[in-house]
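Colleague: I am new to this structure and should be grateful for some guidance. May we go through it feature by feature?

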Amino acid sequence: ARPQGRPYTDPMTRRRLDPQRLDVAQLAQEGLTLSGQWPLLELRRLQQTQSPPQDAPPAVVSWSARGELRAVSGEGPQTWLHLRASTPVWLTCQRCLAPFRLDVAVERPIRFVRGEDQAEALDAENEYDVLALVPLLDLRQLIEDEILLGFPIVPRHDDCPTPTLHEPQDDAEAPMPHPFAALARLKPGPGPR
């Protein structure tokens with residue numbers, strides 16, 4: 001792991017690479033891998049989704065990014081970035097409204113292409129993500145996006161530790177009276193004709 005806030009130094013070339021201003025094409029061409037950790041507090045959008053208990057230790061995001069050039073017949077080499085990231089997050093259960101910890105881990109291959117139009121067309125027809133190649137990529141922002149996309153649509157405990165308003169209690173399991181039962185009692189009975 002690299003200390004936060006310091007650029008990664010490639011051990012082979014001694015060149016410094018900044019994950020927040022990353023030349024993905026160069027990373028892929030040289031087949032390099034970057035890795036490190038960021039305090040969760042530095043990823044503002046991710047931090048805003050949190051609801052940790054007061055005694056929860058500060059979380060970190062562990063990540064790695066490997067660049068690759070992949071040859072395809074009939075085309076030139078393709079630029080790929082293989083991302084991995086993991087972190088514990090504290091979400092609010094939508095059943096009982098209590099916080100719960102979820103370990104989120106993402107692993108994504110991303111293909112980079114020359115323009116937005118090509119990226120949109122290819123992204124719609126492939127299982128992997130396709131992005132337009134930019135001169136300098138903010139890897140931290142991309143990893144934050146991928147972690148946020150890894151959240152469940154409806155966060156909730158597998159088994160809530162406290163009863164919820166939506167779950168029937170033991171004493172409330174008697175069948176509910178029909179809503180028009182009171183009206184039936186008001187209806188005049190059969191009388192003399």
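The dialogue below considers the sheet, the helices beside it and the pockets.

Modeller: Please keep in mind that this is a predicted model.

Colleague: In what order do the five strands of the open sheet lie?

Modeller: One reads a sheet from strand to neighbouring strand. Here the order is β3-β4-β5-β6-β7, and the pairing is mixed. Because β3 (33–39) and β7 (129–132) each have a single partner strand, they stand at the edges, with one side of each left without a neighbour in the sheet. From one strand to the next, the twist averages 25°.

Colleague: In which sense do β3 and β4 pair, parallel or antiparallel?

Modeller: Strand β4, residues 60–70, pairs with β3 in the antiparallel sense, over seven bridges. As an example, Q37 has S62 of β4 as its bridge partner.

Colleague: Which strands does helix α3 lie across?

Modeller: Helix α3 (residues 116–125) lies across β6 (99–113) and β7, and runs at about 175° to β7. Helix α4 (residues 139–149) also packs on the sheet, where it touches β3, β4, β5 (78–92), β6 and β7. The direction of α4 makes about 55° with that of β5.

Colleague: Which residues lie closest to the centre of the largest pocket?

Modeller: They are P77, Q78, T79, F112 and R114, out of 14 lining residues. The space in this pocket is about 260 Å³. β6 gives the most to its lining, with three residues. By class, the lining holds six nonpolar, five polar and three charged residues.

Colleague: How many charged residues has the lining of the second largest pocket?

Modeller: That lining has no charged residues, but 10 nonpolar and three polar ones. Nearest the centre of the second largest pocket lie Q47, P52, P57, P58 and A59.

How values were computed
Residues are numbered from 1 along each chain as its sequence is written. This is a predicted model: local features need pLDDT of at least 70, side-chain atom pairs count only at pLDDT 80 or more; totals for chains, interfaces and linings use all residues. Side-chain values use heavy atoms; hydrogens and water are left out. Two strands pair if DSSP finds at least two bridges between them. Helices (H or I, at least four residues) and strands (E, at least two) are DSSP runs, numbered from the N terminus. Axes are lines fitted to C-alpha atoms, for helices over the stretch in contact, and angles run from 0 to 180 degrees between N-to-C directions. Contact means heavy atoms within 4.5 Å. On a 1 Å grid over the protein atoms alone, a cavity is a set of points where a 1.4 Å probe fits but cannot get out, and a pocket is an open set with protein on both sides within 12 Å along at least five of seven lines; lining residues have an atom within 4 Å of a point. Grid points are joined across faces, edges and corners, and a volume is the space filled by probe spheres set on the points. Ala, Val, Leu, Ile, Met, Phe, Trp, Tyr, Cys and Pro count as nonpolar, Asp, Glu, Lys and Arg as charged, and the others, Gly among them, as polar.
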